[in-house]
Amino acid sequence: MPVHIIVGSQWGDEGKGKIVDHLSEHVDIVARYQGGANAGHTVVIGKQEYILHLIPSGIFSENVTCVIGNGVVVDPAALLEEIEMLRSFGMDIKGRLLISHNAHLIMPYHKLLDTLREEQGAKIGTTGRGIGPAYIDKFTRTGIRIVDLLDRDILRTKIKANLDEKNKMLKQIYGKEELKLESIIEQYQEFDKQIDELITDTSYYLNTALAEGKTVLAEGAQGALLDIDHGTYPYVTSSNPTSGGACTGLGIPPTFITKITGIVKAYTTRVGNGPFPTELTGDDGEQLRRWGNEFGATTGRPRRCGWFDAMLLQYSARINGIREMALTKLDVLSHFDEISICTGYRLNGKMLKTFPSDEKRLNNLIPVYETVPGWKQSLTEIKQYCDLPAQAKQYVARLEELTGIPVRIVSVGARRDQTIFKDV
Ligand code: GDP
Ligand code: IMO
Ligand code: MG
């Protein structure tokens, strides 16, 4: 099992952190391949909750080496804060975290421009972490990479060129004060001192490790419906969370990929704006938010909640190549007498065959639901699949039937020991 990809199958926050942490025990390397500190991956060990934004969720497994791949956009401030947070819990990342020299850096102007764009028009509902502006610079080929930190002259020249442009935007478009070159250079040189020993050619490292027979878990951030190519554009993030992104974002060939697991929440949530066919705006949505504690791990914003959407999952499974699901937060549904599942979309009196790609159809379609009985019993201490109530097993079986994908893991709580492996 050389490379096993873990992807978010919906709009993010499916519980990737929890599952990656759990599966990490059995691999050598855990590698993040895209996104940045917009991600918030929660790992609960015992009574302690940890929220990771950049460092892979494998960091809690002692024998695992964690890699931040070239596809990630790295915010030095967020990274140092995270390293410090782990240190405060007695964990040392020394020798256990590697960062790609090709990864792009998030600069102060990226965060500023992200926030200003949102305030003055864009209204995507971004996390404000500078993700879009950083990927813009990457693709216009003006971005600053980690490798640029290693040469002071190059770093200065590149920051200056960027600042000349960004300061014009800040002043002329947004009426803001200009940023100061020297203070940014100083800040990033200081950052270089602190992470210098973590920087390496991670693609070489990963390919060498794989050739030696080591195993890699590739941890996606966000989710398929937030993918820049396949998501509900323009209400998406600026990277490719889908499984294909793992190869480009880590510099490994597709021939190493042997397994793709979709992390699937037992219902649906979304943070930020954009279409959401099964969204519940009334009492049921409120209940899901309350029982599922659906508040963003990065921004604290309330997550929008709705029933499970099989149309969305079929689409996600297709573009990701998902062969098995890890179904999370099944315990949250224990509070409902009846549970609805969206089995299809109707538009202008006709059933749609596939997940639509335009905002208008997504906003106007009518989800078709079937309702199944709830189990009204706590699942949180159940350890074996056979011990789940019959209605819960029927719910899982129905999701398998509608999506055509077997469920391999059922998660019934945030802790490591609240994870049930099911034979497929
Ligand atoms: P990620 O971004 O995909 O890693 O997910 P988040 O960490 O943003 O959000 C998932 C939330 O659900 C976190 O607070 C987890 O601790 C929690 N969680 C994960 N799995 C379960 C589960 O099976 N049941 C419950 N009740 N909570 C879970
Ligand atoms: P994890 O990895 C849920 C959403 C934002 C916004 C859109 C664009 O924890 O699942 P961005 O800041 O990326 O430009 O925002 O994407 N978003 C997420 N939603 N989980 C995430 O990450 C997200 N990362 C970004 O809310 O709608
Ligand atoms: Mg999250």
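# A guided tour of the metal site, the ligands and the salt bridges

Gly40 is a suitable residue to select at the outset: its relative accessible area is 11%, so Gly40 counts as buried, the cut-off being under 20%. The model on display is a predicted one.

**The magnesium ion**

Keep Gly40 in view and add ligand 3, the magnesium ion. Which residues of the protein act as its donors? They are Asp13, through OD, and Gly40, through O, at 2.0 to 2.2 Å from the ion. Asp13 belongs to the loop between β1 (3-8) and α1 (16-24), while Gly40 belongs to the loop between β2 (29-32) and β3 (41-45); the pair therefore ties together parts that are 27 residues apart in sequence.

**Ligand 2**

Select ligand 2 next, together with the 20 residues that surround it. The closest of these are Lys16, His41, Thr127, Gln222 and Thr237. Divided by class, the shell of ligand 2 holds seven nonpolar, 10 polar and three charged residues.

Three side chains may then be examined in turn. In Thr237, a polar side-chain atom lies 2.6 Å from an oxygen atom of ligand 2. In Asn38, a polar side-chain atom is found 2.9 Å from an oxygen atom of the ligand. For Arg301, an N or O atom of the side chain is 2.9 Å from an oxygen atom of ligand 2. How much of the accessible area that ligand 2 has on its own does the protein cover? Of 540 Å², 97% is covered.

**Ligand 1**

Move the selection to ligand 1, which has 19 residues around it. Those that come nearest are Lys16, Gly17, Thr42, Asp331 and Ser411. Lys16 has already appeared on this tour, among the closest residues to ligand 2.

Zoom in on Gly17, where a backbone N or O atom lies 2.8 Å from an oxygen atom of ligand 1. The side chain of Thr42 places an N or O atom 2.5 Å from an oxygen atom of the ligand. For Ser411, a side-chain N or O atom is likewise 2.5 Å from an oxygen atom of ligand 1. On its own, ligand 1 has 570 Å² of accessible area, and the protein covers 91% of that area.

**The salt-bridge network**

Return to Asp13, and select Lys265, Glu294, Arg303 and Lys329 with it: these residues are linked in a network of salt bridges. Within this group, Lys265 pairs with Glu294, their closest N and O atoms being 3.0 Å apart. Lys265 sits in strand β11 (residues 257-265), and Glu294 in the loop between α9 (283-291) and β13 (304-306); the pair links distant parts of the chain, 29 residues apart. Are these two residues buried or exposed? Both Lys265 and Glu294 are buried.

**Two further pairs**

A search of the whole structure gives 27 salt bridges. One to display is that between the side chains of Glu182 and Arg156, with an N to O distance of 3.0 Å. Glu182 lies in helix α6 (residues 181-195) and Arg156 in helix α5 (residues 152-173), so this pair ties together parts that are 26 residues apart in sequence. Glu182 has a relative accessible area of 45% and is partly exposed; Arg156, at 35%, is also partly exposed.

For the last stop, select Asp358 and Arg361, which form a salt bridge whose closest N and O atoms are 2.7 Å apart. Asp358 counts as partly exposed at 28% relative accessibility, and Arg361 is partly exposed at 34%.

Methods:
Residues are numbered from 1 along each chain as its sequence is written. Chains are lettered from A and ligands numbered from 1 in the order in which they are written. This is a predicted model: local features need pLDDT of at least 70, side-chain atom pairs count only at pLDDT 80 or more; totals for chains, interfaces and linings use all residues. Side-chain values use heavy atoms; hydrogens and water are left out. A salt bridge is a side-chain nitrogen of Lys or Arg within 4 Å of a carboxyl oxygen of Asp or Glu. Helices (H or I, at least four residues) and strands (E, at least two) are DSSP runs, numbered from the N terminus. Buried means under 20% relative accessible area, exposed over 50%, partly exposed in between (1.4 Å probe, protein chains only). Donors are N, O and S atoms within 2.8 Å of the metal (3.2 Å for Na, K and Ca); water is not among the atoms, so sites may look incomplete. A residue is near a molecule or strand if one of its heavy atoms lies within 4 Å of it. A polar contact is a pair of N or O atoms within 3.5 Å; within protein, one must be able to donate a hydrogen and the other to accept it, and residues adjacent in sequence count only if both atoms are side-chain atoms. Accessible areas come from the Shrake-Rupley method with a 1.4 Å probe; for residues, only the protein chains shown count as cover. Ala, Val, Leu, Ile, Met, Phe, Trp, Tyr, Cys and Pro count as nonpolar, Asp, Glu, Lys and Arg as charged, and the others, Gly among them, as polar.
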